[in-house]
Amino acid sequence: QVQLVESGGGLVQPGGSLRLSCAASGSAFSNFAMSWYRQAPGKERELVASITRAGEITNYVDSVKGRFTISRDYAKNTVYLQMNSLKPEDTAVYYCKAQHYIISRLIYWGQGTQVTVSS
């Protein structure tokens, strides 16, 4: 069992920055690939960024490439999403997801954190 707790969301002006954190507890953090999803009102949840369990490979949706960076800290059992040059279309609830690297059906989600980009 893995518990995920996101934090760091809030209201920011266009062009601003936020750093989201997702703290994991309950199981071996290094056994899980981690990712960030987001869901805007009236839209489907979409994958924003992912990082492998060893942290050597990251992937991003095209709309955030060059602006967002995903990283993980094994000492703190935490994954981060650094978001720069934020745009109003980045407004959404952001969710953290953990997926076991062998038992792929083992998937855990956080409760989400709201990010609002508005002037």
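Which side chains along strand E1, residues 3-7, point to one face and are buried, and which point to the other? In this predicted model, Leu-4 and Glu-6 are the buried ones on one face, while Gln-3, Val-5 and Ser-7 point to the other face and are not buried. That is a pattern we know, since in a regular strand the side chains alternate between the two faces of the sheet. Strand E1 runs antiparallel to E3, the two being joined by 5 bridges, and Glu-6 has Cys-22 in E3 as its bridge partner.

Let me follow Leu-4 inward. Leu-4 belongs to the largest nonpolar core, which has 29 residues, and together with Met-34, Trp-36, Leu-81, Met-83 and Tyr-94 it touches the most other members. Strands E3, E4, E5, E7, E8, E9 and E11 each give two or more residues to this core. If we take Met-34 and set aside its neighbours within four places in sequence, its contacts include Leu-4, Cys-22, Phe-29, Ile-51, Ile-70, Val-79 and Cys-96, and also Arg-72 and Lys-97.

Now to the empty space. The structure holds 1 cavity of 30 Å³ or more, with a volume of about 30 Å³, and its lining consists of Val-2, Ala-24, Ser-25, Ser-27, Ala-28, Phe-29 and Phe-32, which divide into 5 nonpolar, 2 polar and no charged residues. The largest pocket, by contrast, holds about 160 Å³ of space, and of its 13 lining residues Arg-38, Lys-43, Glu-46, Glu-89 and Asp-90 are the closest to its centre. By class, that pocket lining has 8 charged, 3 polar and 2 nonpolar residues.

Key:
Residues numbered from 1 in each chain as written. Predicted model: local features only at pLDDT ≥ 70, side-chain atom pairs only at ≥ 80, totals over all residues. Heavy atoms only, no water. Core = buried A, V, L, I, M, F, W, Y, C linked by side-chain atoms within 4.5 Å. Buried < 20%, exposed > 50% of the residue type's maximum accessible area, 1.4 Å probe, protein only. Helix = DSSP H or I, 4+ residues; strand = E, 2+ residues; numbered from the N terminus. Contact = heavy atoms within 4.5 Å. Pairing = 2+ DSSP bridges. 1 Å grid on protein atoms, 1.4 Å probe; cavity = no way out; pocket = protein on both sides within 12 Å on 5 of 7 lines; lining within 4 Å. Points joined across faces, edges and corners; volume = space filled by probe spheres on them. Nonpolar A, V, L, I, M, F, W, Y, C, P; charged D, E, K, R; others polar.
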